Amino acid sequence: MARDFLLEIGLEELPARFLNPALEELGGLAQSFFKEYRLDYGTVDTYGTPRRLVLYVRDLVEEQAFVEMEVKGPPAKAAYDIQGRPTRAAEGFARSQGVEVSQLVTRTVGKVEYVFAVRRETGRPAAQVLAEICPRLITGLSFPKPMRWGDEELKFARPIRWLVALFGGEVITFSLAGVEAGRRTFGHRFLNPGPHRLGQAGDYFPVMRDAGVIVNQDERRREVWDQVRRAAQLAGGEAGEDDELLEEVTNLLECPTAFVGSFPENYLELPEPVLVTPMREHQRYFPVYGTDGKLMNKFVGVHNGRPEYLDTVRAGNEKVLRARLADAEFFFREDLAIPLADKVEGLKKIVFQEELGSVYDKAQRLKALAGYLSEALDLPAADRDFALRAALLCKADLVSSMVYEFPELQGIMGREYALRSGEDPIVAEAIYEHYLPRFAGDDLPSTPAGTVLSLAERADNLAGCFGRGIQPSGSQDPYALRRQALGMCHILLEQGRRLSLNSLFARAYALYGERLKVAVGEMTEALNDFVKQRLRGIFTEKGFAYDVLDAVLAVPFDDVLDAWLRVQAVALLREDGRVFDDVHTALTRAGNLAKHATESDVDPTLFVDPAERQLFEAYLRVREEVLPLFARGHYLNGLRALAALRHPVDNFFDAVLVMVEDEAVRRNRLALLNGIAGLVRPVADLSRLVLTQ
């Protein structure tokens, strides 16, 4: 027989960002505990609202599974004497395992006989086990900022106010933080608070529905978006799609009701970000756009309740938004009174990082890096000038009132203020683009000046942090350095740009002067490995095999695009079975012995066997063909050309013994093999490739 199991943790309102991770963790913990306690089940589902975390398990068995375990004890010769009588070792082992000595059995492990205790555990009732599991489930949850309340020692996201634990119709008895688990739950705080009595676990969802709560977050999300979309259409427009905002709104309420509000039309004269940001970030409203794609003076809000008194709700929200927009208009007009270039001096008062100087210092470094990168990427003179001007201005909006009030508008307002200050549109766009990409899947810079500035921004941040010994560890990355390195990789890959990262990081390091404490060589090496790991992740997502990545990333790395070309070439080579086999065999056989080489120059006068000269001549021919191909980045053609060495290499090993007693001949043969192995060293370590049948 099986029953459904319900665990509900009733809380003060959870922050919206806590909900989804908590539900995922709750489901994972439940499955691991059920496995540990040998409880079979049908499905495990988690649901949640701001006031409750819910675990619902369907078809949970009523008793633990029977288990038989064998525990190894001492060797049989130590457990029994010559007459076969049990020794103290056997008696002590049996006693420790709770079995009689007569129940011990012998098993052969390898060539030695050991005694084993066979323990048979019958299953306990699931209700008993659940009473142990439930407290562990709750205390096992982790949150970014847990809290204590009252005189309780338990730390949790928010105070626990009630607990429901039902196995079918049976209450699972336990207590936590002074709260006894039972069958009483609570509904929507205002619509139908309760308490509500549950007869059995299966009553939970209909009771919650009657109590004004949509417990299923996926259902609630669909309901929110359907209502928002319909409300916007009734207002003559379309709601702006925003998955992040939709998720946040879903996790802020239990009973959604969408409504349309409006604001004075004259505010539409302001730039769109100035209007959308207060609506989205402060009020959690969805902006409404007309059929022409332009912002309308309307918004859609979502009320946590039913449609009654909606006019009052709408009026209150409109009043709050008008105040927000009035503030935004004031900040915007005030900022326009001072040209963007005149704000740069104010950056001297803003600290970039305690040991790394002011934001003004950073702007000067970005200008120098922009000049360096413009030359490294061979930008035309006009784009170089745009990049230098944008570098000087790109942080100026940080001293504006608008960005002070709405930090998420940095770069966006910089572009707006640059345009209104008479700066070239390319400069204005580069100011905005130097923050791109801001997150996974975000847009990349589209202008040469924006690309240069974005790379400079990330190189400066990475060099500064690594140069001060600040590196991400585990899940901790307070300066988003992984994201910075990923951004650099994506820009260079998508735009097909060749760039020496080590030279860039060394240049960024030098611009910090005496501020950095880690040696430049140590910093560039650490950053090289750091970027390489980000690149491995990108290539893995693109579907490349792990051993191909191992082979390519095992060789010295300095250029993201070059690594990309080499990965593609090695992957394609392996698909060409016969050619790959020839290349892999020839280079691997040569490389295995080349490790012993102490010299690189080959002396043809020391050749003893014709096979040596034949291999040397083949090596010279192939080298003359391959090296120019590799230099131009034509790695696949170069690798295929190496297949011509297979036959001469095989003949060489069949005809001669490399490690002969004659030292001069031995060194010369090793030097020849070292030269052959060296042909592929700049591309990949082929020995790391896994051969497939």
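1. Let's start with a small turn. Strands β9 and β10 form a hairpin with 2 residues between them, and Ala 177 in that turn has a positive phi of about 55°. The two strands pair in the antiparallel sense over 2 bridges, and Leu 176 has Val 179 in β10 as its bridge partner. Please keep in mind as you read on that this is a predicted model.

2. Strand β10 (residues 179-182) has another neighbour to look at: 2 bridges join it to strand β7 (residues 160-167), and here the strands run parallel. To find the spot on your screen, look for Val 164, which stands opposite Gly 182 in β10.

3. Next, a sheet with a clear layout. Four strands make an open sheet in the order β13-β15-β16-β14, with antiparallel pairing. Which strands stand at the edges of this sheet? They are β13 (238-239) and β14 (256-262); each has a single partner strand, so one side of each is left without a neighbour in the sheet. Helix α9 (residues 310-336) packs on the sheet and touches β14 and β16, with its direction making about 55° with that of β14.

4. Now follow β15 through its pairings. With β13 it pairs in the antiparallel sense over 2 bridges, and Ala 239 has Val 288 in β15 as its bridge partner. With strand β16 (residues 295-304), β15 pairs in the antiparallel sense over 3 bridges. Phe 286 has Val 300 in β16 as its bridge partner, while Tyr 289 stands opposite Leu 295 in β16. These two strands also form a hairpin, with 5 residues between them, and Gly 293 in the turn has a positive phi of about 85°.

5. Are the side chains of β15 buried or exposed? A useful idea comes first: in a regular strand the side chains alternate between the two faces of the sheet. In β15 both faces are covered, with Phe 286 and Val 288 on one side, Pro 287 and Tyr 289 on the other, and all of these residues buried.

6. There is also an open sheet of 3 strands, in the order β4-β6-β5, with antiparallel pairing. Its edges are β4 (67-75) and β5 (105-109), each with a single partner strand, so one side of each is left without a neighbour in the sheet. Neighbouring strands here are turned by 40° against each other on average, direction ignored. Strands β5 and β6 (residues 112-121) run antiparallel and are joined by 5 bridges; Thr 106 stands opposite Val 115 in β6. Helix α3 (residues 88-97) packs on this sheet, touching β4 and β6, and its direction makes about 155° with that of β4.

7. Now for the empty space. Rolling a probe the size of a water molecule over the atoms shows where such space is left. The largest pocket has a volume of about 1400 Å³. How many residues line the largest pocket? There are 39, of which Glu 408, Gln 410, Tyr 435, Arg 438 and Arg 483 lie nearest its centre. By class, the lining has 20 nonpolar, 6 polar and 13 charged residues. Several elements each supply at least two residues of this lining, including α8 (272-282), β15 (286-289), α15 (448-467) and α16 (481-494).

8. Arg 438 deserves its own stop. You will find it in the loop between α14 (425-433) and α15. Because its relative accessibility is 32%, Arg 438 counts as partly exposed. Leaving aside residues up to four places away in sequence, Arg 438 touches Tyr 432 and Arg 483. Its C-alpha atom is separated by 22 Å from that of Pro 287, and the two residues are 151 apart along the chain.

9. Two cis peptide bonds are good practice for checking backbone angles. One joins Leu 436 and Pro 437, with omega about -10°; Pro 437 is in the loop between α14 and α15. Another joins Gly 194 and Pro 195, with omega about 20°, and Pro 195 is in the loop between β11 (184-185) and β12 (196-197).

10. Finally, a pair of aspartates. Asp 59, in strand β3 (residues 52-61), has phi near 55°, a positive value in a residue other than glycine. At 46% relative accessibility, Asp 59 counts as partly exposed. Asp 378 has a positive phi of about 60° although it is not a glycine. Asp 378 lies in the loop between α10 and α11 (381-393) and is exposed, with a relative accessible area of 66%.

Key. Residues numbered from 1 in each chain as written. Predicted model: local features only at pLDDT ≥ 70, side-chain atom pairs only at ≥ 80, totals over all residues. Heavy atoms only, no water. 1 Å grid on protein atoms, 1.4 Å probe; cavity = no way out; pocket = protein on both sides within 12 Å on 5 of 7 lines; lining within 4 Å. Points joined across faces, edges and corners; volume = space filled by probe spheres on them. Nonpolar A, V, L, I, M, F, W, Y, C, P; charged D, E, K, R; others polar. Pairing = 2+ DSSP bridges. Contact = heavy atoms within 4.5 Å. Axes fitted to C-alpha atoms, helices over the stretch in contact; angles between N-to-C directions. Buried < 20%, exposed > 50% of the residue type's maximum accessible area, 1.4 Å probe, protein only.
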